[in-house]
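The following paragraphs lead from the overall fold to individual strands, a helix and selected residues. Please keep the sequence and the three-dimensional view at hand while reading.

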Amino acid sequence: IAHAQYNEPALGTGTKTVEIVIENATKAQVFSPGVLASHRPGVKLWADGEPASLGLRLIAEDGNIDPFMYETMKGIGKDFGSTTVIYPIDPSQKQKAVLKVSAEYPLVSGAIMLGMTNDGFLGPQSIDMFKIDKPTVFDLYAYDAGTEQNTEKKEDVPGGFGGLGRPEEHVPIRRHPGIRGDADAPADRGWDVTKPVARMTVTPK
């Protein structure tokens, strides 16, 4: 398991470190690099039913973490306490990241692209990791950013095809409907949409 870098210290009462291990539970989807951040209550990096930010859009469509990382890093000590990168995760593999949380920055959110999708992603959404006092497992489900049509055509899907097309749509974030398998993305790259695509284990250190 590789260890992610770029951790920034959280500020505030009772600052502590949490280890976050994400396991890819799919059979054929590679997860892109992703970003995790601790933040204040009321701050939303993303939320089901709301529009995606530009940073989330670029992770979900391209696996490009830079704008999303910038959104969090510029707010360190204000809206955000700590931010870090998690590296790509192959099917059935794990990666580890470390964050700092505190009473002021107790919540953790983040995003990672599902590689062979148009704009699919996964990640924690406002999970209170400050209160965790023992190893705890969370299920992470696949979401659709709502920014690109799910054509599943090779010219539009970066993972496996290198597609650069971006047929836009403008709908709120929602649970991902899965891979249809009626275009270029093969059905066996799909997953059971009733089940999580990843397991996240959080351990206080």
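Helices (H or I, at least four residues) and strands (E, at least two) are taken here as DSSP runs, numbered from the N terminus, and two strands pair if DSSP finds at least two bridges between them. The structure is a predicted model, in which local features need pLDDT of at least 70 and side-chain atom pairs count only at pLDDT 80 or more, while totals for chains, interfaces and linings use all residues. Residues are numbered from 1 along each chain as its sequence is written, and side-chain values use heavy atoms, with hydrogens and water left out.

The protein contains two helices and 11 strands, arranged along the sequence as β-β-α-α-β-β-β-β-β-β-β-β-β. Its radius of gyration, taken over C-alpha atoms, is 16 Å, which agrees with the value near 17 Å for a compact globule of 205 residues; the globule rule is 2.2 Å times the number of residues to the power 0.38. Along the principal axes, the C-alpha atoms fill a box of roughly 50 × 30 × 25 Å. The accessible surface (Shrake-Rupley method, 1.4 Å probe) comes to about 8900 Å², and 51% of this surface belongs to carbon and sulfur atoms. Of the 205 residues, 50% are buried, where buried means under 20% relative accessible area, exposed over 50%, and partly exposed in between (1.4 Å probe, protein chains only). Contact means heavy atoms within 4.5 Å; among contacts between residues at least 6 apart in sequence, 77% join residues at least 24 apart.

Strand β5 merits a closer look. Eight of the eight residues of β5 are buried, so this strand is largely enclosed by the rest of the structure. In a regular strand the side chains alternate between the two faces of the sheet. Both faces of β5 are covered, with Leu107, Ser109, Ala111 and Met113 buried on one side and Val108, Gly110, Ile112 and Leu114 buried on the other.

Which strands pair with β5? β2 does so in the antiparallel sense over seven bridges, and leucine 36 has glycine 110 in β5 as its bridge partner. Strand β6 (residues 120-122) also runs antiparallel to β5, joined to it by two bridges; here isoleucine 112 stands opposite leucine 122. A hairpin of five residues connects β5 to β6. The antiparallel pairing of β5 with β7 likewise rests on two bridges, and valine 108 has isoleucine 127 as its bridge partner in β7.

Isoleucine 127 lies in β7, which spans residues 127-128. Its relative accessible area is 14%, so isoleucine 127 counts as buried. Beyond residues up to four places away in sequence, isoleucine 127 touches Pro106, Leu107, Val108, Phe138 and Met200. The C-alpha atoms of isoleucine 127 and leucine 107 are 5.1 Å apart, although 20 residues separate the two in sequence.

Helix α2 (residues 66-73) has Phe68, Met69 and Thr72 buried. These three cover an arc of only 100° around the axis, measured by the directions from the helix axis to the C-beta atoms, which puts them on the same side of α2. Asp66 and Tyr70, on the other side of α2, are exposed. The cover over the buried residues of α2 includes β2 (31-39), α1 (54-62), β3 (80-86) and β5 (107-114).

Finally, glutamine 95 is placed in strand β4 (residues 94-101). With 11% relative accessibility, glutamine 95 counts as buried. A polar atom of the glutamine 95 side chain lies 3.0 Å from the backbone oxygen of proline 88.

Methods: Polar contact = N/O pair within 3.5 Å; in protein donor to acceptor, adjacent residues only side chain to side chain.
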